[in-house]
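Biologist: I'm new to reading protein models, so can we go through one together? I'd like to ask how you know each thing you tell me.

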Amino acid sequence: MNETELYRATQGGELRGAYLFCGAEELTKSEALGRIYARQNPDVAIMNREELRGPSAEELRAACSQLPFFDEKRVVVVRDWSATLTEGLERYLDELPSSVILIFLRRGEEAKTSRLFKLLAPKKRVVVFEQLTVERATNFVVREAALRGVELPRQVASKLIAMVGTDAYRLRNECSKAADYAGRGKVVTEEILDVAVTPSPEFDVFALLNELLQKRKGAALKKLKIMVGDGQTPLQISYFLEGRLRLMAHAKELMRERVPQAEAIRRMGGNPAAARIAYSNAQRFDGEALWRALVMLSQVDIKLKQGLVSDENGLYLAILSCF
């Protein structure tokens, strides 16, 4: 079952029995549970909901055996369950009362080899809430802006995603800050994002890397000083830079293999927005120079860990020398 099918089943009141909710996107997972709760009678909802953490088999059976109080459905949510709980669970789940919705709520991913996953997947009762794609993240944040009474052009939304990633919680928070800064009825611009949004360290590194790739060492030095002033340690900066270069190297290899851009970005994995930026940067950077910079930056990382580069000026010179 995918998220769309879950939404339709929820709105149609068709949910019953056991389900497993898992996946990287926590906000949409939480909202899906909220929609299930919203179907309950609000006057008696508190009596028809129960959340269990690490329950025993007896506690789980007791929670599911209760009849709903003046409502059609009782919702039981299980978190942090043990592997022993799922042993011998198959027969019991088949015998669950039709008045119970039992949700195993996993934070993050659930191993496909787990007993519970293998038990519920063939019944189409596993819902994987996957990390938002760039397109879904764009639609999400444009909608969030509209709910806050501002307009967010899709081009500006793309920059917001590049700045903070595709995590829905972060997108919602940063969109809210930009909307408050713009004011109701206004348009959020890229300039507003630069002022109101707190970019991820990864975005700062991309901005630094862009200056380095353009051979603008003065601007790169200024950016480095700002990053250090904002509390990022030399080791963090070096680590993130090396990671971005490795992602670019991966992109360069996929280009050499003539893999189409969309497929290459998918294969690069991680944050889709970050992969897209790395792919674009790799197109503008000579492969040999890229590997040379990567090797030199790896040496900077080793020197930082060994304490051979300790002051800020040493960091600046070491990084600038790689490009």
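Modeller: What follows is a chat about the sheet, the salt bridges, the cysteines and a few odd spots in this predicted model.

Biologist: Let's start with the sheet. What makes it an open sheet, and in which order do the strands run?

Modeller: The sheet has 5 strands in the order β2-β3-β4-β1-β5, paired in parallel. β2 and β5 (126-128) are at the edges with a single partner strand each, so one side of each has no neighbour in the sheet. On average, neighbouring strands are turned by 20° against each other, ignoring direction.

Biologist: How do you know that β2 and β3 really pair?

Modeller: Count the bridges. Pairing needs at least two bridges, and β2 and β3 (residues 74-79) have 5, in the parallel sense. For example, Arg 49 has Val 75 in β3 as its bridge partner, and Glu 51 stands opposite Val 77 in β3.

Biologist: And what makes you say β3 is largely enclosed?

Modeller: Of the 6 residues in β3, 5 are buried, so the rest of the structure largely encloses this strand.

Biologist: Now salt bridges. Why is the contact between Asp 80 and Arg 53 called one?

Modeller: The cut-off is a side-chain nitrogen of Lys or Arg within 4 Å of a carboxyl oxygen of Asp or Glu. For Asp 80 and Arg 53 the N to O distance is 2.8 Å, so the pair passes. The two residues are 27 residues apart in the chain, with Arg 53 in strand β2 and Asp 80 in the loop between β3 and α4 (89-94).

Biologist: Which of those two is exposed and which is partly exposed?

Modeller: Exposed means over 50% relative accessible area. Arg 53 has 60%, so it is exposed. Asp 80 has 49%, so it is partly exposed.

Biologist: How do you know that Glu 263 and Arg 267 form a salt bridge too?

Modeller: Their N to O distance is 3.1 Å, which is within the 4 Å limit, so the pair counts. Both residues are in helix α13 (residues 261-268), 4 residues apart, which means about one helical turn separates them. Glu 263 is partly exposed at 26%, and Arg 267 is partly exposed at 43%.

Biologist: What about Glu 211: why is it called buried?

Modeller: Buried means under 20% relative accessible area, and Glu 211 has 19%, so it gets the label. Glu 211 also forms a salt bridge with Arg 216, with their closest N and O atoms 2.7 Å apart. Arg 216 is partly exposed, at 39%.

Biologist: How many salt bridges does the structure hold, and which residues form a network?

Modeller: There are 19 salt bridges. Glu 31, Glu 144, Arg 148 and Arg 172 are linked in a network of them.

Biologist: On to cysteines. Why doesn't Cys 64 make a disulfide?

Modeller: The two sulfur atoms have to be within 2.5 Å. The closest cysteine sulfur to that of Cys 64 is in Cys 22, 19 Å away, so a bond is out of reach. The count for the structure is 0 disulfides.

Biologist: Is Cys 64 buried or exposed, and what about Cys 175?

Modeller: Cys 64 has 0% relative accessibility, so it is buried. Cys 175 is buried as well, at 4%.

Biologist: Which residues make the nonpolar surface patch?

Modeller: Ile 46, Met 47, Phe 69 and Phe 70 make it, and it covers about 500 Å². Ile 46 sits in the loop between α2 (26-38) and β2 (49-53). With a relative accessible area of 74%, over the 50% mark, Ile 46 is exposed.

Biologist: Last one: what makes the phi of Asp 80 and of Lys 124 stand out?

Modeller: Most residues other than glycine have a negative phi. Asp 80 is not a glycine, yet its phi is positive, about 55°. Lys 124 isn't a glycine either, and its phi is about 60°. Lys 124 is in the loop between α5 (115-120) and β5, and at 61% relative accessible area it is exposed.

Conventions
Residues numbered from 1 in each chain as written. Predicted model: local features only at pLDDT ≥ 70, side-chain atom pairs only at ≥ 80, totals over all residues. Heavy atoms only, no water. Buried < 20%, exposed > 50% of the residue type's maximum accessible area, 1.4 Å probe, protein only. Patch = residues over 30% accessible without salt bridge, like charges linked within 9 Å, V, L, I, M, F, W, Y side chains within 5 Å. Areas by Shrake-Rupley, 256 points an atom, 1.4 Å probe, with all protein chains shown as cover. Axes fitted to C-alpha atoms, helices over the stretch in contact; angles between N-to-C directions.
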